[in-house]
Amino acid sequence: MTTLKNKKVLSSWSGGKDSCLALWRAHQAGAQVKALFTMFDEDGERSRSHGVRPEVMRAQAAAMGLPLFTAEASWASYEGQFVAQLQRFADDGVEAAVFGDIDLDAHREWEEKVCAAAGIEAALPLWQQPREALVREGLDAGIRALVVTVNTAMAPADLLGKTLTHELVDELVAAGIDPCAEAGEFHTLVVDGPLFAAPLALVAGEVHAHGDYRSLDLSLA
C-alpha cells in the first residue's frame, strides 16, 4: 500500500462505510487529509455513487471539519470531470487520493489510471482485506451507517433504513449475503464515525423504486 504518513491526501467520498473506513485508516496512518471529493449527477441533486442529497454530504463533511469539493457529470463525462478535479487538487499540493475499494480489480485499475493522469497516487487502504473483518473493524471504530439502497435481487428489501450493527452482520452472513456488499447488494450512509464531532440528525423520507433497487431518501432534520 502507498505510504501515507505526512502525505497530503483527499478522500474519494461516497458517504458510505467503506470510504469512511478508508479515510479513518489514512488518518491513523498519519496522512494529512485535506478534503473530501464527491461526484454528483448532471443537476447536482444526487451523488453519483449512492444517490445522496448534497446537503447531507455537506453535513458529513462539516461534522468531520473537512471541506467537500464536488463536480457534476453524466456517466459519459464522469471520467474527464474526475481527472480535471484531481488535477486541481494536485495543483494545490495533494499527493494522493484515498479510495475505499476492497477487491474489485476493475475499480482499482480505473482509480490508478485517473490518478496517474492527474499526477497523484491512488491509495487503497482496504485493498484485499477480508470483507467481513473490515465491516466489523468499522463498527468497532465507531462508524455508524444506515442502509440507504438495497438491490432486492440480492438482498431483502427490509434491510432498507436499518443501522449496520454486529448483529445485522451476523444475520447477513447467516443468510449468505456479503456484509460488505461489494457486489452492490446494498449501499450505506455514514451518520457518525471516529472523525465526526457529532452524529448527523436525519429524517427519513420516501422510498424510491427503480428496477430491483429501493432507495431511502434522507434529509437533514
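Student: How many bridges join strand 1 (residues 8-12) to strand 2 (residues 32-40), and what makes these two a pair?

Tutor: There are 5 bridges between them in this predicted model. Pairing needs at least two, so strands 1 and 2 count as paired, and they run parallel. For one example, K8 has Q32 as its bridge partner in strand 2.

Student: What does the whole sheet look like?

Tutor: It is an open sheet of 5 strands in the order 3-2-1-4-5, with parallel pairing. In general, strands of a sheet pair through backbone hydrogen bonds.

Student: What makes strand 3 (68-72) and strand 5 (121-123) the edge strands?

Tutor: Each of them pairs on one side only. Neighbouring strands in this sheet are also turned by 30 degrees against each other on average, direction ignored.

Student: Let's go to S19. Why is S19 called buried?

Tutor: Its relative accessible area is 5%. Buried means under 20%, so S19 qualifies. S19 lies in helix 1 (residues 17-28), and, leaving aside neighbours within four places in sequence, it is in contact with S11, S12, W13, S14 and G100.

Student: How do you know that the side chain of S19 has a polar contact with G16?

Tutor: A polar atom of that side chain lies 3.2 Å from the backbone oxygen of G16. The cut-off is 3.5 Å, so the distance fits.

Student: What is there to say about Q128 and A181?

Tutor: Phi of Q128 is near 60 degrees, a positive value in a residue other than glycine. The phi of A181 is near 60 degrees as well, again in a non-glycine residue. Most residues other than glycine have a negative phi.

Student: Which of the two labels, buried or exposed, goes to Q128, and why?

Tutor: Q128 is exposed, because its relative accessibility is 58% and the label needs over 50%. You'll find Q128 in the loop between strand 5 and helix 5 (131-141).

Student: And why is A181 buried or exposed?

Tutor: A181 has a relative accessible area of 8%, under the 20% limit, so A181 is buried. A181 sits in the loop between helix 6 (166-174) and strand 7 (186-192).

Student: How do you know that domain 1 (8-123) and domain 2 (131-220) touch?

Tutor: Contact means heavy atoms within 4.5 Å, and 24 residues of domain 1 are in contact with 29 residues of domain 2. The area buried between the two domains is about 2400 Å², with carbon and sulfur atoms giving 66% of it. K17, L21 and W24 supply 25% of what domain 1 buries there, more than any other three residues.

Definitions and conventions:
Residues numbered from 1 in each chain as written. Predicted model: local features only at pLDDT ≥ 70, side-chain atom pairs only at ≥ 80, totals over all residues. Heavy atoms only, no water. Helix = DSSP H or I, 4+ residues; strand = E, 2+ residues; numbered from the N terminus. Axes fitted to C-alpha atoms, helices over the stretch in contact; angles between N-to-C directions. Buried < 20%, exposed > 50% of the residue type's maximum accessible area, 1.4 Å probe, protein only. Polar contact = N/O pair within 3.5 Å; in protein donor to acceptor, adjacent residues only side chain to side chain. Buried area = accessible area lost by both parts, 1.4 Å probe.
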